[in-house]
Structures are given as C-alpha cells and as structure tokens.
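Biologist: Could you take me through one part of this model in some detail? I would like to see how a pair of helices in it pack together.

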Amino acid sequence: MPILPVILWTDALIYLLLALVVGFVWYVRRHEHLRAPWWRVAQTPAAMSALVVLTGFLLIGLLDSVHFRLALPAAPGAQGAARERAYAVEVKSALDLLVSSIANKPERTYSAPLATHAYAKETMELPGEGGAPGRQLRDYPRLQYGGAHLRDAQRDWRADVLRTAFRGMALALPLWLLASLMLVAACTPVESVASRDFWHAAWRGKTEVPWRAILITLALLLLVAVPTLLLAARYHVLGTDKVGLDVLYLSLKSVRTALVIGTLTTLVMLPFSVLLGIMAGYLRGVVDDLIQYFYTTLNSIPAVLLIAAAVLSLQVYIETHPGMFPTAAQRADFRLLWLCIILGVTSWTGLCRLLRGEALKLRELEYVQAAQAFGVSEWRIMLRHILPNVMHIVLISVVMDFSGLVLAEAVLSYVGVGVDPSMISFGTMINAARLEMGREPMVWWSLASAFVFMLALVLAANLFADAVRDAFDPRVRIGGRKLRLSGNET
Amino acid sequence: MYAYIVRRVIYAFFILIGVNLITFALFFKVNTPDDIARLQLGVKYVTPEAIAKWKADRGYDKPLVYNEKAQGRHKFTDTIYFEKSVEMFRFNFGAADDGRDIAHEISTRMWPSLALAVPVFLVGLLLQITFALMMAFFRATYIDFWGVVLCVVMMSISGLFYIIGGQYLISKLWNLVPISGYAAGFDALKFLALPVAVGVIGGIGSGARWYRTIFLEEVGKDYVRTARAKGLSEVVVFFRHVLRNAMIPILTGAVVAIPLLFMGSLVSESFFGIPGLGSYTIEAIQAQDFAVVRSMVFIGSVLYILGLLLTDISYTMVDPRVRFE
C-alpha cells in the first residue's frame, strides 16, 4: 500500500462517536418507548429535510476524517529492498483525494467565481519581435487553471458554463430517479402496498414519513451539487482566495472542523455533566453543595477568557514540546481537540444543572423509593433508575448545543483563540475574508461561501434539533441560554 | 428575606475565592511566568538572564505562595499569589505587561463599553419581548409560523455576518455612518448607531423565540382558563394576566446580564473600533498580555456573581414563595 494511515486524535474520537451512534440506533430499535419519539421526529417534514442536508455534510466530514500520508516516489538511485519507502510530510484525507481536481489547482491570487481571468490587472510583457523587448501591457491575466480549456475565453465562456451546468442537472436527474426507485423498492415490501400506490401516496404527502419533502430536498441538493462538481473540474466555482486556493475546497474542508467542534465538545463534556448532575440531584446534602459550588464557580469565569487562557497555555506547551507533533496537521489537530475539551469545560454546567433538577424530582417518585426499600445500592439506583429517565434531557441538549458550538467556533477563531490558524475552518475563512470587503472591486466570494455553508449547516441543525426537542419533551427549557461567550451576547 | 440575602452574599464570596484559585492555578501553575516570559521574548533565542529581568521588572520573581526569606507576615504577603491574586480583591490590578496601569485603563474604557452595551440590552429586550408577544398572541396562525421561521433563520446566522453585512450595507454602500471609530460626547452617537442596530438585530432571533416559549407556557396555565371562564376577552386575558406573569421569568432572567454589560462586547467592539473593555480584552489576548487577561477574568467573574445575586434578590421581590422558604 503506498499510503501510511494517520489516525489523528479527533479522527479516533469521531470513529468512537460513530460507533456510539450506531449502538444507540440499535438500542433504540429494540425499545418501543424510545422508538415512539423518534418515530415522531421521522414524521416531521422539516426535520427530515434537514436530516438530508445534515447527512450530506456528515458524509463530507467523515470522508475528511480518513487521514493518511501518501508515499513519495522512490528516489531514482535506490535499489530493491534496500530502499525504504518515504512518506510525504503532508497529511491528506480521503476528501482531498476525491476532490483533488479542485484542490490541486492553485492560482496566484484572487479570482472571482467561475472566472477565466484574474481579478486585478497586472503588467504583462508581450513577446517581442526578433529578440527585442516586447511591449508592456496592463490587463487581466488569464488564470492558470480556471477555464484554461477555453480557446477564446471571452467568446466561449458563457456557453461552456451553461453547457456544463445543464449537463450536471441532466446527470442529477437519473441519480435522483435511482434514489427514488431504491426508496420505493425498499418501502413497498415493508408497507405491503403496490409500488404504484406507494408512489402516489408519497407524492401526495399521504405517507407517514414525509417522503415527498425528503425527495424534494434530495432533488434540490443534487441539482446544486452535481453541476457544481462538474464545473469545479474546470473552473473555480466559488473563486479563489488571497493565496489562490479554491474557495469551494476551503468550504468543504471547513465542514469537518465545524462538525468536530459541534459533536466532540459534547462528547467530551457529557460524562462529567451526567455523572455530577445525577449525583448532585440524587445524593443531595454535602455532595450536592460541593457540585453546585464547583459548577457555579466554573460558570462565573467568562467563557471566552477561560478559553483564551487555556489556548494560550496550550501554545506554550506546543512550543516547548515540538517533538510530540511531527506534522503540522497533528499540531493543528491537537489544538482542535484541546479547544473541544475547553469548550466542553465551559459549557457542561447548563446540562449539569438541568440534570440535577430532574434527578431531584425523580428521587421522590414511587419507583425509586421502592428500589430504596428493596435495598438497591445508591449507585445502582442512579444507573438503572435515574439515568435512563434523564436521557431525553441529555439527548435534547446534545442536539441543541450543536449549532451554538458551530457558531462559537467562528467567533473564537476571530478572537484568535479558536482553531489553529493553519486549520481550515469557517472562522478562519471569515477572519481572512473580513479585510477583503474593503478592496475595490470587492472580494465577496469567500465571505458569501462561508455564509451559505454555515447557514445551511446551522439551520439544518436547528430545525432537526427543534423536532427532536418537541418529540422528546416540549416542556424542557433548553436552548434559552446560549454559550456565554462574552458579557454581552455576541 | 434579609437572612436569605446575607446567606447568598456569603456564598458569592466563597465562589469568588474559588474563581481566584482557579485563575491563579491557570496563570501561574499551568503557565508559569517563565513560560510567559519566553513567549513574550520570542521562543527560540532567549537567554535565562532576559527571562529573569523580564520577571523582575513585572514582579514575577517571587515565590508562588510562601516566601521563606521574608520576615513575619511578609512570608505570605511577599509572594506572587498575594501580590497578583489577593490584591485583586482590593481592585488593585497592577500594571499591564506593557507597563500601563490596568485600573486606569478600565475606568476610562468602561464608558464606551456601557454606551454600546446598555442601548443594545434595553432596545434588544424591548424588541424581543414585543416580537415574542406578537407571535404568542397570534399563536398557531401564519403570523406565528412565519415569525418562528424568521427567528430560526436569524439565529442560524453567525453574529459576525450581521456585523460585516451591516458595515457593508450602511457604511460602505449608503455612507450613512462611519464604518468604525469612536468619539467622546455627542459625536459618539453617529459611531454607536450602527453597532447598536447590529447588536439588537443579531439578538432578536434567539431572544424572541425563547420569550415566545415562556409566553406560551404561561398561556397554558390554569389561571388563564379561569380568566377566560369569567368571560374576559382574549385581549384582556393576554395583556392583563399572561403578560404580567410571564414578565417574572423574563425580567429575572435578564437581570443576570445587567452587571456584565460593563464587560462590553468582545466582537462588535473590536469590529467597530470602539475603545471599550471588550476590545481591550481582545487586544490583550492577541498580545498575550496575561496581566490584563487575569484582571478581566476577575472582573468578569465578580460581575457575573453580582448578577446571580441580583437575580436572587429580584426573585425574592417578585415572588413571595421564595421569600418564605
């Protein structure tokens, strides 16, 4: 194999999270009382449309979480077994390989979306006659890759873009039909109806699961994604940034960072908040006082400043231990993980307080008192009787926190205590694009891309989270308090 | 009631001590002054003498908690912990790493911060409540539905985009107000108009939706049914009964934010170039000035604890049940 797999810390945690989700799904399928609320979520059109979009983002993120180092071509002089395979220093992901047609086409600097010429005029030298120095000319230079296949860019550009886009849409249609056929084939045996009837019912919105909404969302998604990918092979669909990197590529890479922050932060904090919250509520007394004191104290420290202090100390640590991080990717990844941990430390208190309140209520109920009367140990009561009955709160708060954390990443990266500056994220994109608004003519495409991608991700997450909350417990008050990033709401 | 408040004040004091210990551990044990000095002086080519001098200039060359060489009570007071951490309780913050007096900076930068944060808070709260009231009054109609959709979309947009969009639209395209900057006195108005508007708009989405759920929760209660059964009109029920009772959780929930207004807003202050405490904090973080960051952590915590205290007090004032517990 000409590759050397690299498992970064966050990769490992993402795999763990994936395993947990799969296990959770399997568990839910076997328990009627858990299946019922999820079934209600599945019947919400907005939530299922959001789920389609989220799945798309998730696929991008997972592809981007398979890391490896490519083997370098062997040195010409080396012989047989004596030569050792050398690996590139740069860590690549499966996504990088998949979209290498986009990633490996750096221009020199800015170029507008779908452009064939650079964004600013440059002085070019025309070839002179007979060795004489040529005439100088100020014009927009052709891009190295964007639209390079066009012979006459001025004349052919519009037709070529339109043709490629239409070809993409034409390709999206069979893909969508294939997906629909698979759906019909999968559903008709389960529901034991004729495929024709199922199709009619789905299309009139009469099915229990809102297949119509799902299929429409999928169609829209394909209609945007397929032409974009086709165009991306020949143009920079969303333009290029200051150092000539493709903005579409940057946006795709940012998705993983956002997903990691949104999910791993919760994963990291969950054991603490669940354990401490239940202990405080169930055991009461001194334990309760201590835990309450602990989380009130932590909560009192402004979150941004706590994060800043922790990230600064991490920088000191990285500077003094260069041996631990052989590649830049590993260093950036370690910082990302650390950011997740410290964000978890600052945001677990809300869930802890909710769980404490719920445990306080539950411990007075008959079934818990019965367990006490039977002499069941306290730990066992907390594990078997309290924990399963507060899981809905945990679940709701996990899905509700996600969008807030994605938004928080952007702000933290702006403040300078977010992800590593070399790591591609929405925050670093916005941060770099901020100064470009002042240029003439304006460079708007990085900012617009970050905006669209973030809005799609966060909006989908919010819609899905709302449906989950409504299905599990509409009365739980979660989501009112966002992560407190500064004194004022940012 | 007074016993209750006294108890809360004592509790708050203990929390403050906890915060103090955590920040001390974070800034002096996890990040030792040596590390900080090395970071400040450039990591690679730094001599031990330079570090020693840097520490001596800023008073970091003392023992952490116990000074064996000193006499009597100076064994405890002539230490880093006492001089850098305990002194904060007397609001004596010392000098920043660039030599300027932190307390003086804070007292001058406080006013621009307040000038931005207070209008954002008040106008924002008013608009959020109005919006939520409208959605709750027309609940389960199209107004409510689209209102919620609008709220969800608005809260899905990062605050950074509101700022950038506002600056582009209002300042660059329409040239209505300066893009950033600040001036004292009445001139501040034209600099503050945009940041306040952006801050208010950015907060409407999540705020209005949150207050809407509170209103709706209140609408479902028994006393509302009683009021309707008495024959009161829906308008009277809503604005006399529901509004009043819903304001209790809303206002007591908002109280906790009031003291923190002093801290200013990190992001919008630095975007709009307002010389407040928020931009001071950001500059300190970016310059890795630990003395300032430490002071801001302490002040922020004091203000938050003050907010909690005010919340407790406001509860005892509006809800008699708390008073008698």
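Modeller: Happy to; here is a close look at one helix pair, followed by the chain around it. This is a predicted model, in which local features need pLDDT of at least 70 and side-chain atom pairs count only at pLDDT 80 or more, while totals for chains, interfaces and linings use all residues. Residues are numbered from 1 along each chain as its sequence is written, and chains are lettered from A and ligands numbered from 1 in the order in which they are written.

The pair is helix H9 (residues 188-219) and helix H11 (residues 234-255), both of chain B, whose axes come within 9 Å and cross at roughly 130°. Helices here are DSSP runs of H or I with at least four residues, strands are E runs of at least two, and both are numbered from the N terminus. Axes are lines fitted to C-alpha atoms, for helices over the stretch in contact, with angles from 0 to 180 degrees between N-to-C directions. H9(B) is therefore oblique to H11(B); under 35 degrees counts as roughly parallel, over 145 as roughly antiparallel, 65 to 115 as roughly perpendicular and the rest as oblique.

From H9(B), the contact takes in Tyr211(B), Ile214(B), Phe215(B), Glu218(B) and Val219(B). H11(B) contributes Val242(B), Asn245(B), Ala246(B), Pro249(B) and Ile250(B). Contact means C-beta atoms, placed from the backbone, within 7 Å.

As for the surroundings, chain B has 15 helices and zero strands. Its C-alpha trace spans about 85 × 60 × 35 Å along the principal axes of chain B.

Methods. Two residues are in contact if their C-beta atoms, placed from the backbone, lie within 7 Å.
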